[in-house]
Amino acid sequence: MVPHLTTALTGPLLELERQFLDNACDIERWFRDQWQDHMPPFYGSTDLRNSGFKLAPVDLNLFPGGFNNLNDAFMPLCVQAAQAAIERICPDASKLLLIPENHTRNQFYLQNVAKLVSILRLTGLDVRIGSLLPEIAEPTVLELANGATLTLEPLRRSGSRLGLDNFDPCAVLLNNDLSAGIPQVLKGLDEQWLIPPLHAGWHKRRKSKHAECYDRVAREFASAIGIDPWRINPEFGVCGQINFQERTGEECLAGQVDSLLTRIRAKYKEYGVTDEPFVVVKADAGTYGMGVMTVKDASEVVGLNRRQRNKMAVVKEGLQVHEVIIQEGVHTFETVEDGVAEPVVYMMDHYVVGGFYRVHTERGRDENLNAPGMHFKPLAFDTSGTMPDAAQGPDAPPNRFYAYGVVARLALLAASVEIEETAPAEDEDALAA
């Protein structure tokens, strides 16, 4: 069943989707040209928000951890896309080492790892899992709640290569976002492909840099098909002088919030939007929905109480927050089973391979849904998000999800540009190759 989309009842988004459909040939040609110049990440996922007048990405994850939430019907797409990615990066690969997060007690995450392993093995790779946990000193079998099993093995370093006992892989795939920094065992691996590159981890990556790259990509794309880039692009600002615990940098934050809200109000007036504008303040690095707050007036970020400061001050791995991005909030008009919902689109290489809805029954349409209490529903489309049906209306499922696929791929392209532009000097030659 196709989840109920309240946006199917509104006109403006249908008009935007119709532009996507009418320009589908030009759009696919444009993407094809872009991928000639930019190497896509091995995989990625993006959170989208659909407000009825705007369809935009609000987050891009280069270490996606929700493959278990994809419908099994997407497996052929995943395998085909993974095969393309491997052929592009390491065509002679026969063995691949997967390094996951250290979440050995998180059943949902472990099921994601198991699903990812099954996808990669169907490409013809011998895939084994190496753990960064020091307590994994010998092969350890984990029993998963869904009946699957995973075997974690201790990593073995030999010169500038990384592997396991009796296992020397061609490539190392990270499903660990390196929030806590680069483990020593991963440094200096100059004889193997490390996917994604180390500088794509949250120890170095910044959401504001991605937003800057996406802004450029969105403007070029919008110019190519004749739309206002704001329709697909959340505006943003940055404050790098914040210390929530010591209450310093509040003036910088309040100024950025006020400036951004002023720009959003002007665009709302231009488009006749009556919703109340809001911004989302979030840590400039990190994931899991930590360090996030919704703000509707600059006064709300001055004089935060202790609970609010504690919530914003620390993210994953206990890292202190000193840099935040202030991002235009995009309302979501989508609902699934009476819960507010947002689509999450998964990609491998430069292909859309599936997705799901993040649903939260206790959050509003102007709030962060990546929070405790959320659950997931598979996206209800039968083909990849790149196959529109011109014979149907723009709000028909394949066409609505084509629009999702277009915007998600724009975010992936921006991530590709971001990786290229943030590469250390020693990595530039490898990326160029």
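Me: Cys239 and Cys252, buried or exposed?
Reply: In this predicted model, both Cys239 and Cys252 are buried.

Me: What joins them?
Reply: A disulfide connects Cys239 to Cys252, with an S to S distance of 2.4 Å. The pair links distant parts of the chain, 13 residues apart: Cys239 belongs to strand β11 (residues 236-239), and Cys252 to helix α6 (residues 250-271).

Me: How many disulfides does the structure hold?
Reply: The structure holds one disulfide.

Me: Why is there no bond between Cys170 and Cys90?
Reply: The closest cysteine sulfur to that of Cys170 is in Cys90, and the 4.9 Å between them is too far for a bond. A disulfide requires the two sulfur atoms to be within 2.5 Å.

Me: And the accessibility of Cys170, what does it count as?
Reply: Cys170 counts as partly exposed, because its relative accessibility is 23%. Cys213, at 1% relative accessibility, counts as buried.

Me: Changing topic: how many salt bridges does a search of the whole structure find?
Reply: The search finds 26 salt bridges. One of them is between the side chains of Lys54 and Glu328, at 2.8 Å, N to O.

Me: Where do Lys54 and Glu328 lie?
Reply: Lys54 is in the loop between β1 (43-50) and β2 (55-61), whereas Glu328 is in strand β14 (residues 324-328), so the salt bridge ties together parts that are 274 residues apart in sequence. Lys54 counts as buried at 1% relative accessibility, and Glu328 counts as buried at 1% relative accessibility.

Me: Next, which residue does Arg128 meet in a salt bridge?
Reply: The side chain of Arg128 meets that of Glu153, with an N to O distance of 2.8 Å. Arg128 lies in strand β4 (residues 126-131) and Glu153 in strand β6 (residues 149-154); these distant parts of the chain are 25 residues apart.

Me: Are those two buried or partly exposed?
Reply: Arg128 counts as partly exposed, at 22% relative accessibility. Glu153 counts as buried, because its relative accessibility is 10%.

Me: What about Glu418 and Arg205, where are they?
Reply: Their side chains form a salt bridge at 2.7 Å, N to O. Glu418 sits in helix α8 (residues 397-421) and Arg205 in the loop between β10 (193-195) and α5 (207-225), so that the pair links distant parts of the chain, 213 residues apart. Glu418 counts as buried at 3% relative accessibility, and Arg205 is buried with a relative accessible area of 6%.

Me: Which residues do salt bridges that share partners join into one network?
Reply: That network consists of Asp47, Arg49, Glu342 and Arg358.

Conventions: Residues numbered from 1 in each chain as written. Predicted model: local features only at pLDDT ≥ 70, side-chain atom pairs only at ≥ 80, totals over all residues. Heavy atoms only, no water. Helix = DSSP H or I, 4+ residues; strand = E, 2+ residues; numbered from the N terminus. Buried < 20%, exposed > 50% of the residue type's maximum accessible area, 1.4 Å probe, protein only. Salt bridge = Lys/Arg side-chain N within 4 Å of Asp/Glu carboxyl O.
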